[in-house]
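Me: I'd like to learn how to read a model like this one. Could you walk me through it?

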Amino acid sequence: MKKQGFTFEKLKIASFDFTCCEGCQLQLTNKESTLTDFFELLDIRTFREISSEKYDDYDIALIEGSISRQDEVERLTTIRSQAKTLIAFGTCACFGGVNSLKNKFPLKEVVAEVYPDMPVETLLVRKVSDVVKVDLSIHGCPVNKEEVERILVNLVTGSQVSLPKYPVCVECKELLNTCLFELGEICLGPITRAGCNAVCTTGKTPCLGCRGPSEEINMPAFLELIKERKLSQNDFQEKITFYNAFEAFTSYEA
Amino acid sequence: MIYKIISKAEFKKFIDALVRDNTSFGPRRVDTDCRGEKVYQFLQVASFNDIAFDYTATASSAKHFFLPFCEELSRFVFHDQDWDQHITYETNPIVLIGLRACDISAINILDDVLLNGNFPSPYYLGKRKNTFVIGMDHLPLPDCFCKSMNHHTVQTGFNIFCSDIGEEYYLAVNSSKAFNFLKEFNTRDPLDEDNCRLVARRKLISNSFLSEVDVTGLPSILDIEFDSPVWEKWGNKCLNCGTCAMVCPTCYCYAVEESFETNLKGATRQKRLYSCNLVNFAEVAGGHNFRPKNGDRLKYRYYHQHRGFAENDNQQICVGCNRCGRACLTKINPKDVINDLRMEKESCMICASPSPDRT
């Protein structure tokens, strides 16, 4: 692609799913208005949701899902050795995601509950960076296609890739939403990375933190807020552990 | 200024006509909070009845009608070896109904920053000149401190300002556009007793303030208290969420970002309102952050609001609406922070004993 004296190479990209719902990959085919332009930037080598063709030569690997079986570990390690850039794609890949709820119970019980009378090999759920080196994380359950598009355009053009460092509150206030704390809810918006355009809170659903912590969150002040407003500790624990995205902060007892 | 009296029934006709023919915004109730208080915002209205004329204060200010939270500054189109830049300042005229005196004062302050300086903003000018502002007086909320900032009345910056004098409104008409439009409706010149009713109304408003913040000499107190532990104390409460600046009627700081279009045939330059409390507000190229601590960032918000402009332009840019104080989840508010700073100095015991050695 030759633009304004520069030649841009298409991204040789492959998309892989692990333990997940494949919803994040599906987002790649969303946003129809720019879909053809978007695919024009990419040389898709493997992406089973849109093509049965498979090639092993790729530079960028999008990894969707968490890692919960030994064969997934081996497959991921192979992909890592092939890819120049490995992107953790979506909340499950970045933090473990909803799948991590499994880790709260003994593995035996979990298997017996879901697959009774069937031998199933399973491991504790891990995020991608627990297994291989991750070069870039794109957060969200699901990822925001607009953000994915912006990041991939930056990769094509060699521009700096940046994610918002501030929390969801900024975007929520731009939309003139009433703060959900003022409506008596616990919302993780004040400690969660923005970029989602406050989609849940605009629909009056409290933020569950799918994009993980914003930078330099003030957890003691946030816990004090929950205490001071006499909000439910159980509700808080359920929300903060929902996506396993606040693992580093859950040692705090409110 | 021309003064007129209009009956409330006629005022309804006036507003209905205005709203029917123009894109209009006014206070509307959007929620009731968990304490049973009604929540209002400036939203689009289609008739008089859409407007909550009995509203108290909106949760967010009217700033974004002049300074959108996100705004495209320019668009670039690439050719083979060259590019064109396209800039649009045009904007559709709007009517803003129901702004409080402090809200209008805030716009006047934005005028000083964005129009009256060395580099006037054409983006702002386009919106400011195309907005018809109707102000309404009101009885202060318990935490309003605009009187302390001398912004509980306003003399300029609006087209019409309405004072509630019972069955009628006392109108201050401040533009020929407003004057000509009002000719279509029944108004009369004020009589002596109307003037008395206006004075009584103003007195009532002025005497209804429950919150007071002593801002005399505040700029120099802020200078003296640069290293005060008060900043760390309040900074420890700060969630770095930026809410205070988002709802503030005068916070205008912003970030600029340029991005390619997906087809790589062009690019856009976007402006986004930012907050000095956000963690990377003072982060520069290479990653160094000049204000990595909560307390430092909070301090600079107060410095911008209460010191910087007072030194340069003889006015603080806070108008005392207390939207930031109401919106802050951890109860950081100008009244308590400023009083804390004053207490810190006034109860200081250093002068009673010899000054400590400079380090």
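Here is a short tour, from whole chains down to single strands.

Me: Before we start, what kind of model is this?

Reply: It's a predicted model, so keep that in mind as we go.

Me: How many helices and strands does chain A have?

Reply: Counting elements is a good way in. Chain A has 10 helices and 7 strands. Chain B comes to 11 helices and 11 strands.

Me: How do I judge whether a chain is compact?

Reply: Compare its radius of gyration with what a globule of that length would have. For the 254 residues of chain A, a compact globule would be near 18 Å, and chain A has 20 Å, which agrees. For chain B the globule rule gives 21 Å for 359 residues; its radius of gyration is 23 Å, so chain B is as compact as a globular protein of that length.

Me: And what are the outer dimensions of the two chains?

Reply: Think of a box laid along the principal axes. The C-alpha atoms of chain A fill roughly 60 × 55 × 30 Å, and the C-alpha trace of chain B spans about 70 × 70 × 45 Å.

Me: What share of each chain is buried?

Reply: Here a residue is called buried if 20 or more other C-beta atoms lie within 10 Å of its own. In chain A, 41% of the 254 residues are buried. In chain B, 40% of the 359 residues count as buried.

Me: What can I learn from contacts along the sequence?

Reply: You can ask how far apart in sequence the partners sit. Take the contacts in chain A between residues at least 6 apart: 75% of them join residues at least 24 apart. In chain B, among contacts with a separation of 6 or more, 72% are between residues 24 or more positions apart.

Me: Where are the domains in chain A?

Reply: Domain bounds tell you how to split the chain before looking at its parts. Chain A divides into domain 1, residues 2-157, and domain 2, residues 169-249. Their C-alpha centres lie 26 Å apart. Where they touch, 12 residues of domain 1 of chain A meet 10 residues of domain 2 of chain A. On the domain 1 side, helix H4 (residues 91-95) of chain A gives the most, with 3 residues. That side of domain 1 has 4 nonpolar, 7 polar and 1 charged residues.

Me: How is chain B divided?

Reply: A domain needn't be one unbroken stretch. In chain B, domain 1 is 2-68 + 90-207 and domain 2 is 218-257 + 269-346. The C-alpha centres of these two domains of chain B lie 27 Å apart. Their contact takes 22 residues from domain 1 and 19 residues from domain 2. On the domain 1 side you'll find 13 nonpolar, 5 polar and 4 charged residues.

Me: How many residues of each chain are in contact with the other?

Reply: Read an interface by who takes part, then by residue class. Here 33 residues of chain A are in contact with 34 residues of chain B. On the chain A side, helix H2 (35-40), helix H6 (145-157), helix H7 (169-174) and helix H9 (219-228) each supply at least two residues. By class, the chain A side has 16 nonpolar, 7 polar and 10 charged residues.

Me: In what order do the strands of the open sheet in chain B come?

Reply: Sheet order follows pairing, not strand numbering. This open sheet of 4 strands in chain B runs S5-S4-S11-S10, with antiparallel pairing. Strand S5 (83-86) and strand S10 (254-260) are the edges, each pairing on one side only. On average, neighbouring strands are turned by 20 degrees against each other, direction ignored. Inside the sheet, 7 bridges join strand S4 (residues 70-78) to strand S11 (residues 266-273) of chain B, with B:Ser74 standing opposite B:Arg269.

Me: Is strand S8 of chain B mostly covered or mostly open?

Reply: Count its buried residues. Strand S8 (residues 160-164) of chain B is mostly covered, with 4 of its 5 residues buried.

Me: Which strands does S8(B) pair with?

Reply: Look at direction as well as partner. Strand S7 (residues 131-136) of chain B runs parallel to S8(B), joined by 3 bridges, and B:Ile134 stands opposite B:Ile160. Strand S9 (residues 168-173) of chain B runs antiparallel to S8(B), with 5 bridges; there B:Phe161 has B:Ala172 as its bridge partner. The hairpin of S8(B) and S9(B) has 3 residues between the strands, and B:Gly166 takes a positive phi near 105 degrees.

Note on methods: Residues are numbered from 1 along each chain as its sequence is written. Chains are lettered from A and ligands numbered from 1 in the order in which they are written. This is a predicted model: local features need pLDDT of at least 70, side-chain atom pairs count only at pLDDT 80 or more; totals for chains, interfaces and linings use all residues. Domain bounds come from an automatic or database domain assignment. Two residues are in contact if their C-beta atoms, placed from the backbone, lie within 7 Å. Ala, Val, Leu, Ile, Met, Phe, Trp, Tyr, Cys and Pro count as nonpolar, Asp, Glu, Lys and Arg as charged, and the others, Gly among them, as polar. Two strands pair if DSSP finds at least two bridges between them. Axes are lines fitted to C-alpha atoms, for helices over the stretch in contact, and angles run from 0 to 180 degrees between N-to-C directions. The radius of gyration is taken over C-alpha atoms; the globule rule is 2.2 Å times the number of residues to the power 0.38. A residue is buried if 20 or more other C-beta atoms lie within 10 Å of its own, exposed if 12 or fewer, and partly exposed in between; C-beta atoms are placed from the backbone.
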